[in-house]
Amino acid sequence: MKRYGMVTRIKPEGYANYKKLHDSPWPEVTAKIKECHLQNYSIWYREGQLFSYFEYTGDDFEGDMAKMAEHEPTLKWWAAVTPDFDPYEPGKYWTEMEPAFYME
């Protein structure tokens, strides 16, 4: 299992819509997330930033992410949630963070 922390920015006027969508995520999208070996997935907000945490339990992260990126409902979900992003890196909605500390 590998832990991931990722960060992005969201436009202030877009957070209410983002939060509303995540209050009732689409079941076919959450099923695909689980199928692609992501668990303990959470997204946190503070002052225009989103932080996501998840644990990956598979053995081919890039392959599973490619499978997710080919899933039509997930593509529609991303089209609904990402227009309000203000990413740190052009063309990359989420930026992976380096782990600095972990205690179990």
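# Reading salt bridges, a helix face and a patch

Author: Let's start with a pair in helix α2 (residues 27–35): Glu-35 and Lys-32 are three residues apart there, so about one helical turn separates them. Helices here are DSSP runs of H or I with at least four residues, strands are runs of E with at least two, and both are numbered from the N terminus. This is a predicted model, where local features need pLDDT of at least 70 and side-chain atom pairs count only at pLDDT 80 or more, while totals for chains, interfaces and linings use all residues. Residues are numbered from 1 along each chain as its sequence is written, and side-chain values use heavy atoms, leaving out hydrogens and water.

Reader: Okay, so which residue forms a salt bridge with Glu-35, and how far apart are the closest N and O atoms?

Author: The general idea is that a salt bridge needs a side-chain nitrogen of Lys or Arg within 4 Å of a carboxyl oxygen of Asp or Glu. In this case the partner of Glu-35 is Lys-32, with 3.0 Å between the closest N and O atoms.

Reader: How many salt bridges does a search of the whole structure find?

Author: Five. Another one joins Asp-23 to Lys-19, where the closest N and O atoms are 2.9 Å apart. Those two sit four residues apart in helix α1 (residues 15–23), about one turn of the helix. There's also Lys-67 with Asp-64, at 3.6 Å between the closest N and O atoms; this pair is three residues apart in helix α3 (residues 61–69), again about one helical turn.

Reader: Is Asp-64 buried or exposed? And Asp-23?

Author: The scale is relative accessible area: buried is under 20%, exposed is over 50%, and partly exposed is in between (1.4 Å probe, protein chains only). Asp-64 is buried at 7%, while its partner Lys-67 is partly exposed at 32%. Asp-23 is exposed at 51%, and Lys-19 is partly exposed at 41%. Back in α2, Glu-35 is partly exposed at 41%, whereas Lys-32 is buried at 11%.

Reader: Which residues of α2 are buried?

Author: Val-29, Lys-32 and Ile-33. To see whether such residues share a face, you look at the arc, taken from the directions from the helix axis to the C-beta atoms. Down the axis of α2, the buried residues fall within an arc of 105°, so they line one face of the helix. Pro-27 and Lys-34 are exposed on the other side.

Reader: What covers the buried residues of α2?

Author: Look for contacts, meaning heavy atoms within 4.5 Å. The cover includes β2 (38–46), α3 and α4 (72–81). Try Thr-74, found in helix α4 and buried at 1% relative accessibility. Leaving aside residues up to four places away in sequence, Thr-74 touches Val-29, Lys-32 and Met-68. And if you walk off the end of α2, you come to His-37, whose phi is positive, near 70°.

Reader: Now the surface: which residues form a nonpolar patch?

Author: Patches take residues with over 30% relative accessible area and no salt bridge; like charges are joined within 9 Å, nonpolar side chains (Val, Leu, Ile, Met, Phe, Trp, Tyr) within 5 Å. Here the patch is Trp-44, Phe-51 and Met-97, together giving about 320 Å² of accessible area. That area is a Shrake-Rupley value with a 1.4 Å probe, and for residues only the protein chains shown count as cover. Met-97 lies in the segment after β4 (95–96) and is partly exposed at 38%.
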